[in-house]
Every structure is written in structure tokens, then in C-alpha cells.
Amino acid sequence: MAQLSLEGKTALVTGGSRGIGKAIALTLAEFGADVVVTYARSSEAAEAVKAEIEAKGRKAKAVQADAVNFDQATELINEIVADWGKLDILVNNAGITKDNLILRMSEDQWDDVITTNLKSIFNYSKAAARPMMKNRGGSIINISSVVGLTGNAGQSNYSASKAGIVGFTKSYAKELASRGIRANVVAPGYILTDMTEVLDEKVLDGIKQVTPLGRAGEAQEIADAVVFLASDMSSYITGEVIRVDGGMAM
Ligand code: NDP
């Protein structure tokens, strides 16, 4: 019987300084993994996550790396393999929103969201492919969103990036399954983090009304699904999209 244990595994979480990425990093460590977190600007927060992981008796690193930067992604993964011997788990979590109605959306708003949310997934997943092949296995978990499945007014850039993640992940899963590499998507609904803090009460009430479980989700509830996909408990699951959304998009 498979165990929900990540003992002896190494993991990389992009955007692990705050919110969902932080919860994922801490939960991977809780189950036994050594964890590297990346961040864009929040060095203090990322160092605090590193310290929390180390307090659990695991190895940790916090690295400033813009997820958009292809070379940095390759260098970081090569460095992890050189220092820790291998990379078992990659969680592509870094993401941003720049919402606007299509008539008002600027080219920059489109480009920033597509490159940060989608190109970043290519950067890290490509860099992880060779070391994972050499290691005869690995698990990649890409954080999409339910709006990538349903669309959302005011989020055409974000929804396109998140839908792109689904197509990318399924293609990647098909290419690398024979090498023992699994790739899956977690699509969160409305989760309480800095990203959603900016929404006003009216919007939040509307979201709760269309969520069968009747509440917002916690970052921990996303982390729990990610740990399942990272572990051997999900050894026969690849190319799947798991919604963690209180039933919102069913
Ligand atoms: P937060 O805004 O709370 O945190 C975003 C994280 O991503 C931070 O660690 C941030 O680093 C990092 N990040 C942003 N841009 C970059 C970049 N260019 N390079 C490296 N790191 C970067 O977001 P959430 O925790 O809410 O979201 C995490 C993921 O979950 C995102 O992909 C988001 O789209 C997705 N999601 C969130 C939902 C929600 O309701 N919250 C719903 C559906 C999906 P720094 O701290 O340095 O800025």
C-alpha cells in the first residue's frame, strides 16, 4: 500500500513566499520533503518560510527568481540537482492577476499575466524534464484556476493563462509518462490570500453564493491536494485536473 510520505524527496515551489505557495511548501516539508521556494520580491517572507521548513527538520532554500526568466529557471534546477542530488517534485504556483474588461485591457496587462502565469510553467517544467528523466520519475503539479475552465468577465488574460496551463500539462503528461513523470493540475476556486484580499464584499458574497460549500477556501486545502498529487498515493494519476473549489465549477 502506498504511503502519504515524502521522506527523502526534494521539491521546488515557485512563489512560495506567501499565500497558497507558502502553504504548499510547508505542507510538503511536513510530510518529509526538503523544499526550495522561489519568490519575486518578498525576501523577508521567503526567508521566514525557509526557517519554518528548517524548524521541521528539513533542508530548505529561499531563492529570488523571476518565474518569467527562462535561464534562471534552468540554473536553479541544475543547482538543486547539484546540491541535493535530484528533483522529485515541482510545483508551479507563481501567478499574478491584472484584471480588466477586454475593451480596457492594455497589451502590457495581457503580456504580463500570460508570461508570468504560463511561460513560467514552460520554463520550470522544461528545466525539470531532464533531471526527472535521469531520476526515472517525478511529479509536477501546476496551479491553474477554475476560471481557466469556466472563463470570467474581467479576467480574459488570467483565464487564458490558466486554461493554457491545462493544455500544456496534458501534453507534457503524454510526452513524459513513459519516463515515469506525472504532471497534473490543481484548479483552485476562491481562496483567501493576498490575491483575493483586494476583492470587495459584494464580489465575495457573490462568490460564496455560487459555491455549493458556501465559503471561501483556505490555502491549506490547496496544499492538501498538492501533497496527494506529489506523493505515491496518486501513482496512477497523470494529466488530471483536480478542482479544489467548494463545488463552484461543477
Ligand atoms: P499571492 O498573490 O498571495 O502570492 C503569489 C506568489 O507568487 C508570491 O509568492 C509571489 O512572490 C509569487 N510571484 C508572483 N510573481 C512572481 C514572479 N514573476 N516570479 C516569482 N514569483 C512570483 O497569490 P495566491 O497564493 O493567491 O496564488 C497562488 C497561485 O494560485 C497563483 O498561480 C494563482 O493564480 C492561483 N490561484 C489563486 C486563487 C485564489 O483565490 N487565491 C484562485 C485560483 C488560482 P512575492 O511574494 O515575491 O511577490
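Start by selecting the ligand and the residues around it, of which there are 31, a residue counting as near when one of its heavy atoms lies within 4 Å of the molecule; Arg41, Ser42, Asn93, Tyr158 and Thr193 come nearest. This is a predicted model, in which local features need pLDDT of at least 70 and side-chain atom pairs pLDDT 80 or more, while totals for chains, interfaces and linings use all residues. Residues are numbered from 1 along each chain as its sequence is written, and side-chain values use heavy atoms, with hydrogens and water left out.

Colour this shell by class next, and you will find 13 nonpolar, 13 polar and five charged residues, where Asp, Glu, Lys and Arg count as charged, Ala, Val, Leu, Ile, Met, Phe, Trp, Tyr, Cys and Pro as nonpolar, and the others, Gly among them, as polar.

Now show the backbone at Gly15, Ile20 and Gly189. A backbone N or O atom of Gly15 lies 3.2 Å from an oxygen atom of the ligand, a polar backbone atom of Ile20 is 2.8 Å from a ligand oxygen, and for Gly189 the corresponding distance is 3.4 Å. With the surface switched on, note that the protein covers 95% of the 900 Å² of accessible area that the ligand has on its own, as computed by the Shrake-Rupley method with a 1.4 Å probe.

Select helices 1 (19-30), 6 (156-176) and 7 (194-197), the elements that each give two or more residues to the shell around the ligand; helices here are DSSP runs of H or I with at least four residues, numbered from the N terminus. Helix 7 gives the most, with three residues.

Finally, turn to the aromatic rings, for which a search of the whole structure finds two pairs, the ring centres having to lie within 6.5 Å. Phe70 and Phe122 form a stacked pair, 5.9 Å centre to centre with 20° between the planes, stacked meaning planes under 30 degrees apart. This pair links distant parts of the chain, with Phe70 in helix 3 (residues 70-84) and Phe122 in helix 4 (residues 107-134), 52 residues apart.

Key:
A polar contact is a pair of N or O atoms within 3.5 Å; within protein, one must be able to donate a hydrogen and the other to accept it, and residues adjacent in sequence count only if both atoms are side-chain atoms. Rings of Phe, Tyr and Trp (its six-membered ring) pair if their centres lie within 6.5 Å; planes under 30 degrees apart count as stacked, over 60 as edge-to-face and the rest as tilted.
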